[in-house]
Each structure stands twice: as structure tokens, then as C-alpha cells.
Amino acid sequence: MSKRYKSILLFGAPGSGKGTQGKIIGSIPGFYHSATGDIFRSLDLQSEMGRTFWEYAGQGKLVPDELTIRLWKQYIKGIEMINQFHPDSEILVMDGIPRNVVQAQLLEETIEVVKVVHLICADLNKMVERLRRRALRENRFDDASDEVIRRRLETYETDTRPVLGYYPPEKIVKVEATMSQIRVLSKIVEILVPLKEEHDHRRTAMAK
Ligand code: ADP
């Protein structure tokens, strides 16, 4: 088995702020942010994969697991090959994947999850509001209707939330997502600092 990528999962419902936080964390040296939604949205609409994505996402459903994981693995290999992602020195920040237990299992041989950052948001209305605003701002057609938003939140509850039971409880850290963005960021950074230092320490020890 080849070496697994050291990873942290950003976990939470649609609208909990995973993407916003993930992008900022991905800009810190030593971290690489990978958002499946962005990978899917960058696909050519004429391609079969691109069409499949819109077909599912447009209804608020998950893209089939095998396809999703295959695409993600190809993508990550690609960015590693073109020297954009350096697994030896960087920690992967997974955003939007795994989205169900089957995906978590399929990823087991590829990633080593060291922490799950669970962005919690008890206020459903607040999340729906965020999704509506984002739909307008970013042209996210999948959040343009309340019906699709509702379906996406349902999919989260039935398929995605059980992923929390897949990982050992000591790896899961809760962060309240309704705080200000900078405070959420600061909480996440607090969690990441020791992980990063340990990762660096191991590397230097191995190089000796
Ligand atoms: P959000 O950030 O609002 O949670 P994403 O941009 O991550 O949404 O995802 C948009 C859509 O892309 C999802 O509704 C789903 O159809 C598809 N998608 C993204 N990630 C996955 C995944 N891991 N498995 C299956 N489908 C996915």
C-alpha cells in the first residue's frame, strides 16, 4: 500500500461554512484545501462526468460514490504530479468528502484522517439563509430553490451525519459555526497548530 495522505476533515451541513474556512486554511503554508464541490463544478459540462454531476447536484442529491471517489483520487494524483500538492510536507484539508460512510470506507486506503473538525450549527434557519445568499452571489443554481436546499439538508442528515460514527470519537472536535468567521477560524487554527507541528517534527526526525 502506498503512503496515505495525512488529512483533516472539515465536516458540517451545507451552509456551515466549510468552504469559507477551508479556503483560508488552504492558504496557510503546509495545508492543501480540497473541495469536491469545486472539483465537480470545474468539470466540462459536455463530458459524461460533468453531465452526471449536474443531474444529481441539481436535485440536491449526492453523486454516486464510486464515481465521486474515482474522480477525487484522479484529481489528487494529478495535482500531486504537477507539484501543486506536496503530501510529505502538507496536510490535506478535505471539504465535502467523504459525504457518507461508503465514501469514508473507499477513502480508507488513500487518506489517514487525523482530525475531524465538526462545524455545528443548531440554527437551521441561519444555514438556509446563508445558502440562499450564496446562491445569489455565486450563481449556485443548486441552492437556488428552497426545495433543493431542503433536499440537501435532508441528505446531510440521512447520509452524511453518520460519517461521524465512522471515526473514533477522540478524533472529532466540535466548533460552533454560528460564531463570527474570524472566531471560527481561530478555533480551527488552534486545533491545527499541534497537528502541523507534529507532522513537521516527524518529517525532520525521518530525514535525520
Ligand atoms: P456545500 O459546500 O454547499 O456543502 P458542495 O459544493 O460541497 O456543497 O457540493 C455541491 C454538490 O456536489 C452536492 O450537492 C453533491 O451533489 C455534489 N457533491 C459534492 N461532494 C460530493 C461527494 N463527496 N459525494 C457525492 N456528491 C458530492
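What follows is a short chat about how to read some features of this structure.

Reader: Before we start, what kind of model is this?

Author: It's a predicted model. Keep that in mind as we go.

Reader: Okay. There's a ligand in there. How many residues surround the ligand, and which are the closest?

Author: A good way in is to list the neighbours. Here 20 residues surround the ligand, and the closest are Lys 61, Gly 96, Gln 103, Arg 134 and Arg 152.

Reader: How do these residues divide into nonpolar, polar and charged?

Author: Sorting a shell by residue type gives you a quick feel for it. This one has seven nonpolar, five polar and eight charged residues.

Reader: Which atoms of Lys 61, Val 63 and Arg 99 lie by the ligand?

Author: For each polar pair, check whether the protein atom belongs to the backbone or to a side chain. With Lys 61, a backbone N or O atom lies 2.6 Å from an oxygen atom of the ligand. Val 63 also uses its backbone: one of its polar atoms there is 3.0 Å from a nitrogen atom of the ligand. Arg 99 brings in its side chain, where an N or O atom is 3.0 Å from an oxygen atom of the ligand.

Reader: And how much of the ligand does the protein cover?

Author: You compare the ligand on its own with the ligand in place. Alone, the ligand has 560 Å² of accessible area, and the protein covers 96% of that. Two elements, α2 (36-41) and α3 (48-57), give two or more residues to the shell. The largest share, four residues, comes from α2.

Reader: Let me pick one of those close residues. Where is Gln 103, and is it buried or exposed?

Author: Look at the element, then at the relative accessibility. Gln 103 sits in helix α5 (residues 101-107). Its relative accessibility is 2%, so Gln 103 counts as buried, the cut-off being under 20%. Setting aside neighbours within four places in sequence, Gln 103 is in contact with Val 63, Asp 65, Thr 68, Ile 69, Ile 97 and Pro 98.

Reader: What's going on in the peptide bond between Ile 97 and Pro 98?

Author: Here you read the omega angle. The bond joining Ile 97 and Pro 98 is cis, with omega at about -5°. Pro 98 belongs to the loop between β3 and α5.

Reader: Now a helix. Which residues of α1 are buried?

Author: In a helix, ask which residues are buried and which way they point. In α1 (residues 18-26), Lys 18, Gln 21, Gly 22 and Ile 25 are buried. Viewed down the helix axis, the buried residues of α1 fall within an arc of 100°, so they line one face. Their cover includes β1 (5-12), β2 (31-35), β3 (91-95), β4 (111-120) and α8 (181-207).

Reader: What about the loop between α4 and β3, where Asp 88 and Asn 83 are found?

Author: In a loop, check exposure, contacts and backbone angles. Asp 88 is partly exposed, at 48% relative accessible area. Beyond residues up to four places away, Asp 88 touches Lys 3, His 199 and Arg 203. A polar contact of 3.2 Å joins the side chains of Asp 88 and Lys 3. The C-alpha atoms of Asp 88 and His 201 are separated by 12 Å, with their positions 113 residues apart along the chain.

Reader: And what is the phi of Asn 83?

Author: Asn 83 has a positive phi of about 70°, although it isn't a glycine. With 54% relative accessibility, Asn 83 counts as exposed.

Methods. Residues are numbered from 1 along each chain as its sequence is written. This is a predicted model: local features need pLDDT of at least 70, side-chain atom pairs count only at pLDDT 80 or more; totals for chains, interfaces and linings use all residues. Side-chain values use heavy atoms; hydrogens and water are left out. A residue is near a molecule or strand if one of its heavy atoms lies within 4 Å of it. A polar contact is a pair of N or O atoms within 3.5 Å; within protein, one must be able to donate a hydrogen and the other to accept it, and residues adjacent in sequence count only if both atoms are side-chain atoms. Accessible areas come from the Shrake-Rupley method with a 1.4 Å probe; for residues, only the protein chains shown count as cover. Ala, Val, Leu, Ile, Met, Phe, Trp, Tyr, Cys and Pro count as nonpolar, Asp, Glu, Lys and Arg as charged, and the others, Gly among them, as polar. Buried means under 20% relative accessible area, exposed over 50%, partly exposed in between (1.4 Å probe, protein chains only). The arc is that of the directions from the helix axis to the C-beta atoms. Contact means heavy atoms within 4.5 Å.
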